[in-house]
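Please open the model in your viewer and keep the selection tool at hand. The stops below say what to select next and what is to be found there.

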Amino acid sequence: MNAIIALSLFGIVNLFLGLLKSRKLLLPVTLLFVVVAMVLNGLDWNTHSLYFNEMLRVNNLFINFSTIILLATFFVVALTRGFGEDEDHTHPAEWYAIMLFSVAGAMMMVGFENLIMLFVGLEILSVAMYVLTGSDKRNLRSNEAAVKYFLMGSFATGILLFGIALTYGATGSFELTGIGSYVIKNQYGVSSLLYVGLLLIMVGMLFKVSAAPFHFWTPDVYEGAPTIFTAFMSTIVKVAGFAAIYRLFSVSFGPIQGFWWNTLAMLSILTLLIGNITAVYQQSFKRMLAYSSISHAGYMLISMVALGKQTQSAILFYSLAYVLATVSAFGVLM
C-alpha cells in the first residue's frame with residue numbers, strides 16, 4: 001500500500017524535476033524512486049490488510065505480483081539512457097512521471113478487492129498507455145497507434161463496465177468476496193445476469209492482455225509506439241492483467257468453473273494458434289514480438305483453465321520469466 005502512495009508522490013516530484021535545466025538527473029532519480037517503492041512493497045510482507053474502505057487488499061500475492069511489475073519497470077527505465085536528448089521535441093520528465101503513475105494503477109489492479117477499484121486501476125494504467133503510445137508526436141504511425149489503442153480501449157472499457165453493472169445487478173455486491181458468497185450459495189441456480197456479466201468482464205480483461213480474438217490492436221500499437229514504451233506496455237500491462245484475471249476467477253467465480261471453463265479453453269487455443277502461426281511470416285521484428293506477446297497470453301490462459309492450488313505459483317513464475325525475456329528482447333532491438 002505504501003508503495004502505491006509513494007509512486008503517486010514520486011510521479012509528482014518527477015514533474016517538478018522537469019523544471020530543471022539539466023535532464024541528467026531524471027534517469028537516476030526515477031530508478032531510485034522505483035527501488036524505494038520496491039523496498040516499501042517488500043516491507044509489507046506477511047501483512048494481510050484492507051485499505052480504502054476495504055477496496056484494496058495487501059497480502060503476499062499482491063507483494064509478489066507488484067515486485068515483478070516494479071522489477072520490469074526498473075529494467076525498462078534503465079534502458080532509457082540517452083532518452084530525451086532531443087530537447088525540442090522530447091519531455092522525459094513527463095514521460096517518467098506517467099510511467100510511475102501507470103505502475104501505481106497496475107498495482108491497484110493486482111490488489112483490488114472491489115470491482116470499482118479494478119476499474120480505477122485499469123483506467124489509470126490504460127490512459128497512461130494511450131499517452132505513451134502517441135508520445136512520438138512527429139511520427140504518424142505513433143499517432144495512428146495511439147488513436148487506435150484509445151478507441152478500441154474505450155470500447156473494451158465500456159464492455160467491462162457493462163459486465164460489472166450486470167454482475168452487481170445479479171449479486172448485489174461489487175466486492176469479490178460478496179460475489180463469491182453469492183456464487184457459492186447459488187452455484188446450481190445462478191442468475192443469467194451473472195453469466196452475461198462474467199462473459200462481458202472476460203471480454204474487457206482479455207482485450208487488455210491481448211488474447212485472441214481481442215488482439216487486433218496489438219501489432220499496430222506495438223509497431224507504432226516508441227520501442228521503449230512498447231517494452232513497458234508489453235510487460236506491465238500483461239502481468240497486471242493476468243493478476244487481475246486470476247483474482248477474479250479464483251476468489252469469485254471458481255465454484256462455477258464449469259460455465260466459463262469451455263469458453264476460456266477455446267480462447268486459449270485460439271490465442272496460441274493465432275499468436276504463434278501469425279508471428280512466423282512477420283517482416284517487422286516489433287510485429288513479431290507483438291504476436292509473441294499474444295501467444296504468451298495463450299500460455300498464461302492455460303493456467304487459468306487449469307485453475308487449482310498450483311495456478312498462483314505457475315502464473316507468478318511465468319510472469320517473471322516473461323518479463324525478463326521480453327525486456328531483454330526489446331533491449332536487443334533498441
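Is Ser210 buried or exposed? In this predicted model, Ser210 has a relative accessible area of 2% and is therefore buried. Select Ser210 in the loop between helix 8 and helix 9, and check its backbone, where phi is near 55°, a positive value in a residue other than glycine. In the loop between helix 8 and helix 9 you will also find Pro213, and the peptide bond that leads from Ala212 to Pro213 is cis, with omega near 0°. Both features deserve a look against the general background, in which most residues other than glycine have a negative phi and most peptide bonds are trans.

For another positive phi, move to Glu54, which is not a glycine and yet has a phi of about 65°. Glu54 is found in the loop between strand 1 (49–51) and strand 2, and with a relative accessibility of 45% it counts as partly exposed.

**Helix 9**

Next, select helix 9, which is mostly covered, since 6 of its 8 residues are buried. These buried residues are Trp217, Thr218, Pro219, Val221, Tyr222 and Gly224. If you now display the surroundings of helix 9, what covers its buried residues includes helix 5, helix 6, helix 8 (192–208), helix 10, helix 12 and helix 13.

Glu223 of helix 9 is partly exposed, with a relative accessible area of 22%. Show its side chain together with that of Arg141, and you will see the two meet in a salt bridge at 3.3 Å, N to O. Arg141 lies in helix 6 (residues 140–171) and Glu223 in helix 9, so this pair ties together parts that are 82 residues apart in sequence. Arg141, at 52% relative accessibility, counts as exposed. Extend the selection to Glu144, Lys148, Asp220 and Arg287, which are linked with Arg141 and Glu223 in a network of salt bridges.

**Around Glu113**

A search of the whole structure finds 7 salt bridges, and the next stop is Glu113, which counts as buried at 3% relative accessibility. Which residue forms a salt bridge with Glu113 in which the closest N and O atoms are 2.7 Å apart? Arg247 is that residue. Because Arg247 lies in helix 10 and Glu113 in the loop between helix 4 and helix 5, the pair ties together parts that are 134 residues apart in sequence. Arg247 is itself buried, with a relative accessible area of 5%.

Keep Glu113 selected and add Arg57, whose side chain meets that of Glu113 in a salt bridge (3.0 Å, N to O). Here Arg57 lies in strand 2 (residues 56–58) and Glu113 in the loop between helix 4 (92–111) and helix 5 (115–133), so the parts tied together are 56 residues apart in sequence. Arg57 is partly exposed, with a relative accessible area of 25%.

**Helix 10 against helix 13**

For the last stop, select helix 10 (residues 227–252) and helix 13 (residues 311–333), which pack at an angle of about 175° with their axes 9 Å apart. Angles over 145 degrees count as roughly antiparallel, and helix 10 and helix 13 are therefore roughly antiparallel to each other. On the side of helix 10, the residues that make the contact include Thr227, Ala231, Ser234, Lys238 and Tyr246, while on the side of helix 13 they include Thr311, Ile315, Ser319, Tyr322, Val323 and Phe330. Coloured by class, the contact of helix 10 with helix 13 shows 9 nonpolar, 8 polar and 1 charged residues.

Then isolate helix 13 and check its length: at 1.5 Å a residue its 23 residues should span 33 Å, and its end C-alpha atoms are 32 Å apart, which agrees. The buried residues of helix 13 are Thr311, Ile315, Leu316, Ser319, Tyr322, Val323, Thr326, Val327 and Phe330. As you look along them, recall that an α-helix has 3.6 residues a turn, so residues three or four places apart point the same way. With the neighbouring elements shown again, you can see these buried residues of helix 13 pack against helix 3 (60–78), helix 9 (217–224), helix 10 and helix 12 (285–305).

Terms used. Residues numbered from 1 in each chain as written. Predicted model: local features only at pLDDT ≥ 70, side-chain atom pairs only at ≥ 80, totals over all residues. Heavy atoms only, no water. Axes fitted to C-alpha atoms, helices over the stretch in contact; angles between N-to-C directions. Helix = DSSP H or I, 4+ residues; strand = E, 2+ residues; numbered from the N terminus. Parallel < 35°, antiparallel > 145°, perpendicular 65-115°, else oblique. Contact = heavy atoms within 4.5 Å. Nonpolar A, V, L, I, M, F, W, Y, C, P; charged D, E, K, R; others polar. Expected span 1.5 Å × (residues − 1). Buried < 20%, exposed > 50% of the residue type's maximum accessible area, 1.4 Å probe, protein only. Salt bridge = Lys/Arg side-chain N within 4 Å of Asp/Glu carboxyl O.
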